[in-house]
Amino acid sequence: MLRPVQDRQSLPPEEVVTFHDRDSGASGVIVLHSSALGPAAGGCRLWHYPDDRAATVDALRLAEGMALKNALADLPFGGGKAVIRVPQRPFDRAALFRAFGRQVAELQGRYVTAEDVGTSVADMAEVATRTRHVAGLPASGQKPGGDPSPWTALGVLEAMRVAVDRQLGADLSDLTVAVQGLGHVGYALCELLHAQGAKLIVAEPRSDVAARAADRFGAMVMSSRALLSARVDVLAPCALGGVLDAETVAQLRASVVCGAANNQLAGEDLATRLAERDVLYAPDFLVNAGGIINVAGEYLGWSTPEVERRVMAVGQKMAAVLALADQNGITPDEAARALALERISQVSRAQAAA
Ligand code: NAD
């Protein structure tokens with residue numbers, strides 16, 4: 001029996017910067033969560049938010065997730081995130097991202113940006129006209145760069161391999177995986193899973209994309225709601241966050257949850273509820289580190305083989321987290337958090353002592 005999560009450990013953000021650029025319509029927030037390990041790094045999301053408060057709340061949660069993710073992936077970065085509200089009026093996209101780039105430039109390297117939901121390589125190229133503290137730019141030659149999503153998908157696959165081996169004693173080729181969301185990461189994950197011989201069930205509101213997955217991978221297409229309670233071995237949430245709430249957790253029939261979406265748990269007690277239902281929940285901030293590893297490699301000038309080595313190591317980190325969870329009778333989510341916070345506080349202590 002696992003002990004319940006008491007106070008979930010977390011750290012307050014170091015800095016919250018809001019911006020409004022009247023000419024371009026760019027309006028949003030940049031959160032620098034922590035800088036103990038290095039500059040705050042994390043992507044830029046362009047999304048519809050009802051108001052500034054909702055945008056800030058989302059950015060705060062996402063930046064904290066980045067702090068944990070970067071620490072757990074052994075990257076020399078703290079956590080950060082930017083969100084931009086989709087303007088209510090017609091807007092010039094290039095001008096919007098140039099305005100955002102000016103904001104990033106003002107932070108003088110304390111925040112490093114890249115793509116996230118709603119933003120693209122072309123958008124980051126506009127940001128790069130105003131600041132050098134940006135990655136996810138068009139790849140040049142054999143160097144890391146470009147869309148980080150295939151690397152994210154590879155990290156998810158490696159974590160899933162370890163999780164299903166532990167939970168089901170099975171190989172991916174024996175299993176059925178439900179993938180929610182066939183965007184940049186979800187579709188790439190389907191390609192990898194199909195190559196491994198896994199059976200696929202998918203949900204995606206863009207019917208042409210869902211039909212392509214059915215055609216290419218023999219995937220069964222379902223509604224997103226039905227997918228969450230489908231009889232499958234693995235659920236891979238690859239759309240937006242908050243997908244695991246009290247209702248969906250109660251209805252879940254998958255044995256493993258392992259996907260790319262950030263902030264999959266809608267509430268703090270849900271990791272415990274999943275464990276009580278004997279569902280292995282692979283912490284999202286561990287599993288989806290592949291993209292930020294590629295971003296780090298691009299920004300810091302690593303080689304592609306170095307990026308690949310680090311992305312493949314997401315599976316080893318998953319195994320370490322599961323072992324720590326077992327030893328301490330805690331959930332994998334708590335174990336991953338504890339490992340990440342331990343690295344941040346170790347470095348902070350060493351800096352304070354120096
Ligand atoms: P994306 O915008 O390319 O894809 C999201 C997909 O989900 C879209 O195809 C959209 O139509 C679909 N979708 C939306 N609502 C849905 C619903 N209710 N049911 C099913 N599908 C739905 O985004 P992405 O880059 O593929 O990222 C997916 C998730 O992974 C996000 O939560 C993102 O924050 C996270 N993530 C992405 C990366 C990366 O490298 N891109 C890295 C880490 C984490």
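**Reading a ligand site**

Student: Where does the ligand sit?

Tutor: Keep in mind that this is a predicted model. Start with the pockets: the space the ligand takes up is the largest pocket.

Student: How many residues are around the ligand, and which come nearest?

Tutor: A residue joins that shell if one of its heavy atoms lies within 4 Å of the molecule. Here there are 24 residues around the ligand, and Thr152, His184, Glu204, Ser224 and Ala239 come nearest.

Student: What is the shell made of, by class?

Tutor: Count by class: 10 nonpolar, 9 polar and 5 charged residues.

Student: Which domains and helices supply the shell?

Tutor: Domain 1 (15–63 + 79–129) and domain 2 (148–287 + 323–336) each give at least three residues. As for helices, H4 (149–168) and H5 (184–196) each supply at least two residues.

Student: Which side chains make polar contacts to oxygen atoms of the ligand?

Tutor: Look for N or O pairs within 3.5 Å. Among them, the side chain of Glu204 has an N or O atom 2.6 Å from a ligand oxygen. For Thr152, the side-chain N or O atom is 2.7 Å from an oxygen of the ligand, and a polar side-chain atom of Asn262 is 2.8 Å from a ligand oxygen.

Student: And how much of the ligand does the protein bury?

Tutor: Compare it with the ligand taken alone, which exposes 830 Å². The protein buries 80% of that.

Terms used: Residues numbered from 1 in each chain as written. Predicted model: local features only at pLDDT ≥ 70, side-chain atom pairs only at ≥ 80, totals over all residues. Heavy atoms only, no water. Polar contact = N/O pair within 3.5 Å; in protein donor to acceptor, adjacent residues only side chain to side chain. Areas by Shrake-Rupley, 256 points an atom, 1.4 Å probe, with all protein chains shown as cover. 1 Å grid on protein atoms, 1.4 Å probe; cavity = no way out; pocket = protein on both sides within 12 Å on 5 of 7 lines; lining within 4 Å. Sits in = over half its atoms within 2 Å of the grid points. Helix = DSSP H or I, 4+ residues; strand = E, 2+ residues; numbered from the N terminus. Nonpolar A, V, L, I, M, F, W, Y, C, P; charged D, E, K, R; others polar. Domains from an automatic or database assignment.
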